[in-house]
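Could you look over this one with me before we go further? I've jotted down some points on how the side chains pack and pair.

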Amino acid sequence: MSKKILNIVTSIKGDASFSNKLSNAVLEKLKAEYSEAQVQTLDLSKTPLPYLSQLDINAFYTPADQHTEAQKETLKYSDEATSNLIDADIVVIGVPLYNFGIPAVLKGWIDQVARAGKTFTYDASGPKGLLTDKKVFLSIASGAIFSEGPYKSYDFSEPYLRAVLGFLGITDVTTFRVEGTAIPEFAENALRKALTAVEEFAF
């Protein structure tokens with residue numbers, strides 16, 4: 001079965017990244033499940049999207065037939081990122097935990113794809129997400145353990161991502177975690193435990 005998969009890389013650690021290793025395992029399982037899957041990788045660690053400016057905001061809320069040349073130019077990044085997200089059936093997002101939250105480049109991507117009229121809209125009952133036909137897999141990596149225990153309340157990655165994805169209409173979200181990589185008693189088995197969770201998951 002053919003599926004379009006958007007793989008979003010955000011870690012600055014390249015091949016040494018635990019979130020990348022976890023995402024790669026998810027991708028391998030998805031490609032085994034969907035033999036004709038097409039994977040498009042967006043490596044935000046190497047090619048981050050521009051952070052929003054006043055020009056972007058003005059362009060978002062200006063009718064297309066009234067766009068200036070400068071607005072058309074600045075919208076290229078958002079339009080492409082939004083189009084790639086809309087076209088994807090499945091999205092895999094690698095998320096290293098930086099200072100209790102997501103990397104700035106991932107927030108930059110979210111700001112570019114959260115577009116009124118394209119990925120969400122408003123009606124009489126309030127906001128309505130338009131991306132209701134997608135699955136998202138989060139590959140979260142952290143030096144400490146945030147899924148449970150005393151640091152759980154410090155994890156602003158998964159709750160935020162679930163909230164903003166839900167706002168866009170994406171509620172089918174699965175999280176895998178490799179955690180405790182900076183804690184000696186957990187580090188040795190952290191990646192193996194995470195990869196086992198991926199292997200045992202029914203994609």
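Here are my notes, point by point, on the core, the aromatics, the salt bridges and a few leftovers.

1. First, a caveat: what we have here is a predicted model. Please read every distance and angle below as a value computed from that prediction.

2. Let's start inside. The largest nonpolar core has 28 residues. Those with the most contacts inside it are Leu 6, Ile 8, Val 91, Ile 93, Leu 106, Trp 109 and Val 136. As background, nonpolar side chains in soluble globular proteins tend to be buried together.

3. Which elements supply at least two residues each to this core? The list has three strands, S1 (4-9), S3 (90-96) and S6, along with three helices, H3 (69-87), H4 (104-113) and H5. H4 gives the most, with five residues.

4. Now the aromatics. There are 12 aromatic pairs in the structure. Take Phe 120 and Tyr 122: the ring centres are 5.7 Å apart and the planes sit at 85°, so this pair counts as edge-to-face. Are the two partners buried or exposed? Phe 120 is buried, at 6% relative accessible area, whereas Tyr 122 is exposed, at 55%.

5. Phe 120 also pairs with Phe 167, and here the geometry is tilted, with 4.8 Å between the centres and 55° between the planes. Phe 120 belongs to strand S4 (residues 120-123) and Phe 167 to helix H5, so the contact ties together parts that are 47 residues apart in sequence. Phe 167 itself is partly exposed, with a relative accessible area of 31%.

6. Another aromatic group to look at: Phe 100, Phe 146, Tyr 151 and Tyr 154 form one cluster. Some of these names come back on the surface, where Phe 100, Tyr 151, Tyr 154 and Phe 156 make a nonpolar patch of about 420 Å². Phe 156 is placed in the loop between strand S6 (135-142) and helix H5 (158-167).

7. There is a charge-over-ring contact too. The charged end of Lys 21 sits over the ring of Phe 18, 5.4 Å from the ring centre.

8. On to the charges. The whole structure has 10 salt bridges. In general, side chains of opposite charge can pair when their charged atoms come close. One of the bridges joins Lys 76 and Glu 73, with the closest N and O atoms 2.9 Å apart. Both residues lie in helix H3, three residues apart, or about one turn of the helix. Each partner is partly exposed: Lys 76 has 45% relative accessibility and Glu 73 has 43%.

9. What does the bridge between Arg 115 and Asp 79 link? The closest N and O atoms in this bridge are 3.1 Å apart, and the pair links distant parts of the chain. Arg 115 is in the loop between H4 and S4, Asp 79 is in helix H3, and 36 residues separate them. The two ends do not share a burial class: Arg 115 is buried, at 6% relative accessible area, while Asp 79 is partly exposed, at 34%.

10. Helix H5 carries a bridge of its own, with the side chains of Glu 158 and Arg 162 meeting at 2.9 Å, N to O. The two residues are four apart in helix H5, so about one helical turn separates them. Glu 158 counts as buried because its relative accessibility is 16%, under the 20% cut-off. Arg 162 is partly exposed, with 34% relative accessible area. Salt bridges with shared partners join this pair to Asp 155 and Arg 177, making one network of Asp 155, Glu 158, Arg 162 and Arg 177.

11. Last, a look at helix H6 (residues 184-200), where Ala 197 is found. Ala 197 is partly exposed, with a relative accessible area of 34%. Between Ala 197 and Val 178, the C-alpha atoms are 9.7 Å apart, and the two residues are 19 apart along the chain.

Technical notes:
Residues numbered from 1 in each chain as written. Predicted model: local features only at pLDDT ≥ 70, side-chain atom pairs only at ≥ 80, totals over all residues. Heavy atoms only, no water. Patch = residues over 30% accessible without salt bridge, like charges linked within 9 Å, V, L, I, M, F, W, Y side chains within 5 Å. Areas by Shrake-Rupley, 256 points an atom, 1.4 Å probe, with all protein chains shown as cover. Salt bridge = Lys/Arg side-chain N within 4 Å of Asp/Glu carboxyl O. Phe/Tyr/Trp six-rings, centres within 6.5 Å; stacked < 30°, edge-to-face > 60°. Buried < 20%, exposed > 50% of the residue type's maximum accessible area, 1.4 Å probe, protein only. Lys NZ or Arg CZ within 6 Å of the ring centre and 35° of its normal. Core = buried A, V, L, I, M, F, W, Y, C linked by side-chain atoms within 4.5 Å.
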